[in-house]
Amino acid sequence: MNKNKAFLVTVSENDCGQRPLPFCINDLNTMEYAISNGLNIEASQIKKMGSTGRVSQRKFEDGFIEFCKETNEDENLILYFSGHGGIIEGKHRLLFSDGLIDTDLIIRVLENSRAKSKIVILDCCYAGGVENNRQIELKFEDTVRNFNGSGIAIFASSLSNEVSYGHPEKGDISLFTHFISNAIMDKYIIREGVKTLRDIKELTLFYHHAWMTRTNNKYKQQPIFMSNIGGTIRFKVAEYTPYIPGDYNFECDDYIIVTVEPSHFGITKRYAVKVILKKACELKELSRITKDIVSRVRGLEIYSNDKSKRILKGKKAEIVWIYFARDEVDLNGNFLCRATWVEDGQDKDHWYRLNDGALIQDDIHFSFSTFYSSLKSFIENNTGSAIEVKNEIKKIRVNMVNEFEKILSNFEKFNAGIYTELKFCERIKKSLELIDKEYFKSTDLDIAPLEIKEWDQAHQNLFATIHDITLYWGKSSNNTRSLDNRKKLTKMLEQRYHKDIFTIGEIEKSQQSSL
């Protein structure tokens, strides 16, 4: 997880004829408290200017340039500004106590720093007039881990034609700073010890929407999020110890128990067991092996979470499914048969139904795969080399991820009201077409060999997630879903996308560390 540093500056007083903003001093203190306690940024990593109300151009420039020079590649930088802002001669500028500085120049200095991730938070009038059009693109040779979180995000308090207000009820703080500081401090967006920039952004916009609804749009000020960051930025804010399920392996002359996975439901303890048979055997022998496996695993204490453990600890399994394979390749889903054993107290009429390919032997239900041999032959004949399959997946990954990032960037402007629905759909049309084309290309690749199976599956999940966007904004979606529904689904999709990107990054990290 990257380290975090912040540069906070507020300007309350000026010599340029603009009215003083006394609440900006409290903005400074509020943001310092929020990032210290909400993002766990150490005091030594926070530089502040503006506690007296005044900040000169020279003081800011010297301090900010030095701050950016001292950064490293494993750091996230946050720049926060509260004060006067305006559009002058077509460019957004920030007002300091003795003059103006071009906002784009400040952002260029930030972009040129070595830090991987940069966040700019602007609480000033016309803040949306800042440009952030350069997209960070995933390249073929890039790892997803390096791509995820790289770039710059600008969170502006208002659109380019709107002023930004102080809080009309609290009086001692800016409206936008109040929203974003509360979002940063919120504990309910923590997942697995982490807050993401995406969740902070969404909660800030939720607070804004609730405020606008309550005040009947009296203080019209639409925040806008403009980002070229690949994926999202993750802030570790709490210790997290994932629940690690127990494990069990066993080998004898007849079989190998590879995994025992909990499949508990309510107060019923159930296990799914994957087994490699070492030899071919008759049904009678398979029945004996099944009973032997059941006797070994029934009393195990393997759970997927603490809740199941509290409920089921000490009980024996009442249902056991055993999936028989002949080798490791079969374990990916091509099983010779599935044996089902249930305790006498269970509904055997339900579990022991005799469908096609099913029979009962010694009170055990067996369901044989009628396509096992043909599917095994198909897999063997269509499995590609690890290098070739990886290269093809990475080509598709580059195209799908970059096009999806373009869609998300346009969606932010659509969501903020800058684009109409028609304009948004026009801007993403080519991206949707390319995503659709690349997705179906991904379904026609050679089968991934075992050594990259986890990496391959993670990419198939990512490609499916990205392709879902075509269902929400494609040709037929307008007739089947409401606009509000499509917006909500897109936000949920963005969250899934970030999770998929992070998962791939972690797999690549573990593969590199094992070399």
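These exercises with worked solutions deal with a predicted model of one protein chain.

**Exercise 1. Describe the chain as a whole: how many helices and strands does the protein chain have, and what does the C-alpha trace span along its principal axes?**

Step 1. Start with the secondary structure. The protein chain contains 16 helices and 18 strands.

Step 2. Turn to the dimensions. The C-alpha trace spans about 95 × 50 × 50 Å along its principal axes.

Step 3. Look at burial and surface. Of the 515 residues in the protein chain, 50% are buried. The chain exposes about 25,400 Å², and carbon and sulfur atoms supply 49% of that area.

Step 4. Consider the contacts along the sequence. Among contacts between residues at least 6 apart in sequence, 75% join residues at least 24 apart.

**Exercise 2. State into which domains the protein chain is divided, and describe the contact between domain 1 and domain 3.**

Step 1. List the domains. Domain 1 covers 4-236, domain 2 covers 250-380 and domain 3 covers 383-513.

Step 2. Count the residues in the contact. Domain 1 gives 29 residues to it and domain 3 gives 28 residues.

Step 3. Find the separation. The centres of domain 1 and domain 3, taken over C-alpha atoms, are 29 Å apart.

Step 4. Give the buried area. About 2,400 Å² is buried between domain 1 and domain 3, with 54% coming from carbon and sulfur atoms.

Step 5. Add the charged pairs. Five salt bridges are counted between domain 1 and domain 3.

**Exercise 3. Examine the salt bridges of Arg-198, Asp-199 and Glu-202: which residue is the partner in each?**

Step 1. Recall the principle. Side chains with opposite charges can pair when their charged atoms come close.

Step 2. Take Arg-198. Its salt bridge is with Glu-494, and the closest N and O atoms are 3.7 Å apart. A salt bridge requires the nitrogen to be within 4 Å of the carboxyl oxygen, so a pair at 3.7 Å is accepted.

Step 3. Take Asp-199. Its side chain meets that of Arg-191 in a salt bridge, at 2.6 Å from N to O. Asp-199 is buried because its relative accessible area is 8%, whereas Arg-191 is partly exposed at 45%.

Step 4. Take Glu-202. Its side chain forms a salt bridge with Lys-201, at 2.8 Å from N to O. Both of these residues, Glu-202 and Lys-201, are buried.

Step 5. Place the pairs in the whole structure. A search of the whole structure finds 35 salt bridges.

**Exercise 4. Locate the salt bridge between Asp-468 and Arg-496 in the chain, and decide whether Asp-468 is buried or partly exposed.**

Step 1. Give the distance. The closest N and O atoms of Asp-468 and Arg-496 are 3.1 Å apart.

Step 2. Place the two residues. Asp-468 is in the loop between helix H13 (453-467) and helix H14 (469-473), and Arg-496 is in helix H16 (residues 483-513). The pair links distant parts of the chain, 28 residues apart.

Step 3. Judge the exposure. Asp-468 has a relative accessible area of 18%, so it counts as buried, the limit being under 20%. Arg-496, at 36% relative accessibility, is partly exposed.

Step 4. Turn to a network elsewhere. Salt bridges that share partners join Arg-191, Arg-198, Asp-199, Lys-201, Glu-202, Glu-412, Lys-491 and Glu-494 into one network.

**Exercise 5. Describe the setting of Phe-23, and state which residues Phe-23 touches.**

Step 1. Find its element. Phe-23 lies in helix H1 (residues 23-38).

Step 2. Check its accessibility. Phe-23 has a relative accessible area of 16%, so it is buried.

Step 3. List its contacts. Not counting residues up to four places away in sequence, Phe-23 touches Gly-166, Gly-171, Asp-172, Ile-173 and Ser-174.

Step 4. Compare sequence and space. Phe-23 and Ile-504 are 481 residues apart in sequence, and their C-alpha atoms are 44 Å apart.

**Exercise 6. Work out where Leu-359 and Asn-305 lie, and which nonpolar patch includes Leu-359.**

Step 1. Begin with Leu-359. This residue is in strand E17 (residues 358-361), and at 32% relative accessibility Leu-359 is partly exposed.

Step 2. Identify the patch. Leu-354, Leu-359 and Ile-360 form a nonpolar patch on the surface, and together they have about 260 Å² of accessible area.

Step 3. Go on to Asn-305. Asn-305 lies in the loop between helix H7 (283-297) and helix H8 (306-312), and at 30% relative accessibility Asn-305 is partly exposed.

Step 4. Give a distance. Asn-305 and Pro-262 are 43 residues apart in sequence and 9.7 Å apart in space, C-alpha to C-alpha.

Note on methods
Residues numbered from 1 in each chain as written. Predicted model: local features only at pLDDT ≥ 70, side-chain atom pairs only at ≥ 80, totals over all residues. Heavy atoms only, no water. Patch = residues over 30% accessible without salt bridge, like charges linked within 9 Å, V, L, I, M, F, W, Y side chains within 5 Å. Areas by Shrake-Rupley, 256 points an atom, 1.4 Å probe, with all protein chains shown as cover. Helix = DSSP H or I, 4+ residues; strand = E, 2+ residues; numbered from the N terminus. Buried < 20%, exposed > 50% of the residue type's maximum accessible area, 1.4 Å probe, protein only. Domains from an automatic or database assignment. Contact = heavy atoms within 4.5 Å. Buried area = accessible area lost by both parts, 1.4 Å probe.
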